[in-house]
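The following note is offered for your consideration alongside the model. Its points are numbered for ease of reply.

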Amino acid sequence: MGIRKTVFFVAALIVCGSVFAQQKITNFGVIDTERVYAAFSHNSARMKNYEKAQSDVQAELDRRTEEIRSIQAKIQEAQELNLSDDVKKYQNELRTKAAALKTYKDSKEKELASMKKSLSQNDEFYKKLNSTLRRIAENEGLSMILNVDNNQFILWYSPAVDITDKVIDALSR
């Protein structure tokens with residue numbers, strides 16, 4: 001009798017677990033903020049400035065990262081040729097560039113965070129956009145909305161999850 005209860009209990013846990021697992025399906029939406037800002041360009045100059053600064057910072061980070069990769073390649077080449085003086089020179093250069101990259105990144109992250117905080121506290125269009133995104137996400141059961149504008153991390157998405165037009169329509173009202 002104890003075994004039956006145990007088996008029943010385990011089976012009930014499995015069923016409950018699968019029900020909870022099914023309920024935690026994450027639904028995503030995507031938005032092309034560039035299209036939204038283009039539709040309301042007169043309202044979003046400050047946001048465009050923020051995004052331009054963000055894009056400029058990313059470009060500089062990419063440039064500096066590429067410099068570091070180039071130095072790493074030079075180190076490897078010098079090691080293969082047994083050029084110990086060159087290896088040391090490139091290692092010193094690598095340390096300097098890596099430290100400068102970290103300093104730049106930290107500084108710009110703080111600067112961008114400050115700009116974003118200022119936007120979110122002061123820009124009416126940004127506040128309206130955020131509340132519109134929140135409302136659409138809640139109405140459509142979305143757990144997250146991703147920005148597809150200049151995003152290198154989204155490789156593909158179905159047009160069915162694109163809520164850009166809904167956002168533009170809602171902001172137009």
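1. In this predicted model, residues 6-13 call for caution: pLDDT stays under 50 throughout this segment, and the model gives these residues zero contacts beyond four places in sequence.

2. Confidence varies by element. Helix α1 (residues 2-23) has the lowest mean pLDDT among the elements of the protein, at 50, while helix α3 (residues 45-80) has the highest, at 92. For the protein as a whole, the mean pLDDT is 82, and 79% of residues reach 70 or more.

3. The secondary structure consists of six helices and two strands. Their order along the sequence is α-β-α-α-α-α-β-α.

4. With regard to contacts in the protein at a separation of 6 or more, 77% are between residues 24 or more positions apart.

5. The protein has 173 residues, of which 25% count as buried. Its exposed area is about 12400 Å², and 55% of that area is supplied by carbon and sulfur atoms.

6. One residue merits individual attention. T132 is located in helix α5, which spans residues 124-140. Is T132 buried or exposed? T132 counts as buried because its relative accessibility is 2%, and the cut-off for burial is under 20%.

7. The surroundings of T132 may be described further. Its side chain reaches the backbone oxygen of K128 at a distance of 2.7 Å. Leaving aside residues up to four places away in sequence, T132 touches V167, A170 and L171.

Methods: Residues are numbered from 1 along each chain as its sequence is written. This is a predicted model: local features need pLDDT of at least 70, side-chain atom pairs count only at pLDDT 80 or more; totals for chains, interfaces and linings use all residues. Side-chain values use heavy atoms; hydrogens and water are left out. Helices (H or I, at least four residues) and strands (E, at least two) are DSSP runs, numbered from the N terminus. Buried means under 20% relative accessible area, exposed over 50%, partly exposed in between (1.4 Å probe, protein chains only). A polar contact is a pair of N or O atoms within 3.5 Å; within protein, one must be able to donate a hydrogen and the other to accept it, and residues adjacent in sequence count only if both atoms are side-chain atoms. Contact means heavy atoms within 4.5 Å. pLDDT is the predictor's confidence in each residue, from 0 to 100. Accessible areas come from the Shrake-Rupley method with a 1.4 Å probe; for residues, only the protein chains shown count as cover.
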